[in-house]
Amino acid sequence: MIGLSHYLIVSAIIFSIGLIGVLRRRNLLMLFFATEVMLNAVNIAFAAISHYYNDLTGQMFAFFVIAIAASEVAVGLGILIVLYKKHGSLDLDNLANMRG
Amino acid sequence: MYEMIAFYLFSALTIGLFMVTVMSKNVLYAMTSLASAMVLISGFFFILGADFLGVVQLIVYVGAIMALYSFAMMFFDATRDIKEKNTNNALVFLLGGLSALVLVLIFAAPIHSDAIHALYPIHEGAGNAQDVGIVLFTKYLVPFEVAAVMLLVAMIAGIILAGKKMDHSLTKDLDADDEILVVKDRK
């Protein structure tokens with residue numbers, strides 16, 4: 001029988017995949033994909049806990065996570081387009097022009 | 001039984017597709033695998049009885065966000081493979097080890113799970129959409145309105161950021177946009 005820990009382990013694996021992507025990606029668009037992966041992993045954990053504790057609060061937080069992801073994508077893609085107009089590429093190493 | 005088959009199928013496919021998303025060099029492959037993995041994640045929500053959340057996942061993620069990504073990919077050169085310079089391995093191992101340690105600590109943290117009781121319990125007779133609607137519009141009304149305002153602000157910001165100079169081509173710069181050409185020549 002599938003229990004809560006199954007879902008949490010799958011969620012942790014997917015979150016780790018997203019974390020690997022955030023750590024090793026150099027392209028900004030791919031970095032955005034990796035953050036989407038991490039947000040989806042958190043949503044799975046919320047829905048599973050909501051189901052197994054018989055509580056609706058987890059689903060509510062998953063809705064707000066989805067809303068935040070949508071607005072993040074809208075603003076982030078605008079910034080990406082502006083960066084591409086200015087630099088001609090989306091590589092993170094080219095953007096480090098302040099050498100901080 | 002069917003729940004078990006569906007769970008293992010969805011989890012294997014989702015993990016594989018997300019691995020493709022993270023590891024692929026091609027933007028198009030990464031985006032398609034991300035979209036299909038999101039469809040499968042809505043399958044998880046349907047198994048868990050969160051029907052409305054699954055529908056919202058399908059509409060918002062697969063419908064809106066992936067359409068936004070694919071429209072944005074038309075601005076960038078999507079067919080070319082991405083060349084990424086790998087960072088030094090010591091830093092990657094240090095950061096990976098630290099995050100693995102944090103993850104183990106989170107999972108090993110003691111939870112007094114008997115003391116957890118449902119604040120807004122799921123009703124047996126009512127459907128999931130009715131339950132979600134009642135809780136969302138009574139207990140979570142203020143965060144809901146704040147999220148609506150935040151989406152409006154994000155929409156205005158996206159239009160303003162992306163809308164300037166939309167008549168110029170980004171990839172071909174035929175009009176001899178000097179700054180971009182200088183940057184490309186330097187590389």
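A contact here means heavy atoms within 4.5 Å of each other. With that in hand, let's work through some exercises on this predicted model.

**Exercise 1. Describe the build of chain B, starting with its helices and strands.**

Solution. Begin with the elements: chain B has seven helices and zero strands. Along the sequence they give the pattern α-α-α-α-α-α-α. Next, turn to the contacts: of those in chain B between residues at least 6 apart in sequence, 53% join residues at least 24 apart.

**Exercise 2. Work out how much of chain B is buried and what its accessible surface is made of.**

Solution. Take burial to begin with: 28% of the 187 residues in chain B count as buried. Then look at the surface: the accessible area of chain B is about 12,200 Å², and carbon and sulfur atoms account for 71% of that area.

**Exercise 3. Find how helix α2 of chain A and helix α1 of chain B are arranged, and which residues make their contact.**

Solution. Start with the axes. Those of α2(A), residues 28–52, and α1(B), residues 2–23, come within 10 Å and cross at roughly 160°. Angles over 145 degrees count as roughly antiparallel, so α2(A) and α1(B) are roughly antiparallel to each other. As for handedness, the crossing of α2(A) past α1(B) is left-handed.

Now list the residues in contact:

- From α2(A): A:Phe33, A:Val37, A:Asn40 and A:Tyr52.
- From α1(B): B:Glu3, B:Phe18 and B:Thr21.

Finally, sort them by class: the contact of α2(A) with α1(B) has four nonpolar residues, two polar and one charged.

Definitions and conventions
Residues are numbered from 1 along each chain as its sequence is written. Chains are lettered from A and ligands numbered from 1 in the order in which they are written. This is a predicted model: local features need pLDDT of at least 70, side-chain atom pairs count only at pLDDT 80 or more; totals for chains, interfaces and linings use all residues. Side-chain values use heavy atoms; hydrogens and water are left out. Axes are lines fitted to C-alpha atoms, for helices over the stretch in contact, and angles run from 0 to 180 degrees between N-to-C directions. Helices (H or I, at least four residues) and strands (E, at least two) are DSSP runs, numbered from the N terminus. Angles under 35 degrees count as roughly parallel, over 145 as roughly antiparallel, 65 to 115 as roughly perpendicular and the rest as oblique. A crossing is left-handed if the near helix is turned anticlockwise from the far one by less than a right angle, and right-handed if clockwise. Ala, Val, Leu, Ile, Met, Phe, Trp, Tyr, Cys and Pro count as nonpolar, Asp, Glu, Lys and Arg as charged, and the others, Gly among them, as polar. Buried means under 20% relative accessible area, exposed over 50%, partly exposed in between (1.4 Å probe, protein chains only). Accessible areas come from the Shrake-Rupley method with a 1.4 Å probe; for residues, only the protein chains shown count as cover.
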